[in-house]
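Trainee: Before I rely on any label in this model, I would like to hear the rule behind it. Could we take the labels in turn?

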Amino acid sequence: MRNMFPAICIFFFFFWLGHGAPENTDHSKAVINGADKIRSQFLHLLRTRRSPQVPLTVEPAKPVQHPLFQQVPPPTFSEAMESCPKADIKNLKERLKEENLYLHTEAGEQGKLPVLILSLKDSKLKRRPAVVFLHSTNKNKEWVRPLLEAYASREYIAIAVDSRYHGERAHNLTTYQDAWDLIKLADYLTQRKDIDPTRIGITGESLGGMHAWFAAFADTRYAVAAPIIGVQGFRWAIENDKWQARVDSIKPVFEVARIDLGKSAIDKVVVKKVWDRIAPGLASKFDSPYSVPAIAPRPLLILNGADDPRCPLNGIKAPTKRARKAYAKAQASNKFKLIAQPGIGHEMTPLMVKEASDWMDRFLKQ
């Protein structure tokens, strides 16, 4: 498929190869061995698609005064963004320490990862838990600042990054591509003296939720995960003719494929071809029925809308069933949960934000 990916390629190969931390040897060997096998296969595939590696370096940056949003008009307010629980701290904004930096993760223009970090000044804790929150399509790290402030008020190190071709990595309102640098981000976070490397959580909304899901699957240093409106069944959607809403959200990619295949309309053949080209195995061995259970026994909370057409609830029945079985085998049934909010489509709600926040507190503040 000619020229399909340079400008409008999508979600999934967002990882820079790093090294995952070893699993706790007290967990079920059968569960871990199975997870390690599929994880190894996934990382091997990523190695074949990686750009030239450069040493991980840190460059100071300045706060972004006018963040770029790739939608018109840009968003101005989100009830969900403002709903995350905060500690009762007077003059919170003045007590926050803000860090802006770039991580150089690979060769090329997009190998410069913009990072925003918020934390409380003068904390008495030597090492704190950390939470990474990933933005959705067409937004940026500055958009999730209210969430970072809320987590920081509760003694977390709160981190956000710009997805590739988003925020500081975008040059106009239409550039969009997939790659994320979450494994290299974990390299950096685990080296910081103010972060407990065993207590790093990851969450995100929509596109960010998908990235959080795959990051937790690929890198065991993400100890807790709470993807929001991101987990879905790609093969299930193809087989059950429920792919239209997802395709419509990124339609130009599929239109290119349709033309290359000589089709008069986008159909399931086109959809499967696109998924196979973008991410081999996405609709098969790395799909949610296999990658979600591989996160066990680390705590995983999946938050979706019960009526979400992009992440149909029926499409995650199989991964949910398999995940519960994997967590039970690992004697960690209390570490997996699915919340499907009734009457909600593809939307992050205040309830989801609070549930994700509570999940992080439960497992990162023990």
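Mentor: Let us start with burial: a residue is buried under 20% relative accessible area, exposed over 50%, and partly exposed in between, using a 1.4 Å probe and protein chains only. This is a predicted model, in which local features need pLDDT of at least 70 and side-chain atom pairs count only at pLDDT 80 or more, whereas totals for chains, interfaces and linings use all residues. Residues are numbered from 1 along each chain as its sequence is written, and side-chain values use heavy atoms, with hydrogens and water left out.

Trainee: Why does D267 count as partly exposed?

Mentor: D267 has 24% relative accessibility, and therefore counts as partly exposed, since that class lies between 20% and 50%.

Trainee: What makes the contact of D267 with K263 a salt bridge?

Mentor: The rule asks for a side-chain nitrogen of Lys or Arg within 4 Å of a carboxyl oxygen of Asp or Glu. In the pair of D267 and K263 the closest N and O atoms are 3.0 Å apart, which satisfies it. K263 is partly exposed too, with a relative accessible area of 28%.

Trainee: How do you know that D267 caps the N-terminal end of α9?

Mentor: A side-chain oxygen of D267 lies 3.1 Å from the backbone nitrogen of V269, and a polar contact is a pair of N or O atoms within 3.5 Å, where, within protein, one must be able to donate a hydrogen and the other to accept it, and residues adjacent in sequence count only if both atoms are side-chain atoms. Helices themselves are DSSP runs (H or I, at least four residues), numbered from the N terminus.

Trainee: Why is the pair of F214 and F217 called edge-to-face?

Mentor: Rings of Phe, Tyr and Trp (its six-membered ring) pair if their centres lie within 6.5 Å, and planes under 30 degrees apart count as stacked, over 60 as edge-to-face and the rest as tilted. F214 and F217 are 6.3 Å apart centre to centre with 70° between the planes, hence edge-to-face. Both lie in helix α5 (residues 207-218), three residues apart, about one turn of the helix.

Trainee: What makes the pair of F217 and F286 tilted?

Mentor: Their centres are 6.5 Å apart and their planes 45° apart, an angle that falls in the remaining class. F217 lies in helix α5 and F286 in the loop between α9 and α10 (288-291), so the pair ties together parts that are 69 residues apart in sequence.

Trainee: Why is F286 called buried?

Mentor: F286 has 2% relative accessibility, and therefore counts as buried.

Conventions
Helix = DSSP H or I, 4+ residues; strand = E, 2+ residues; numbered from the N terminus.
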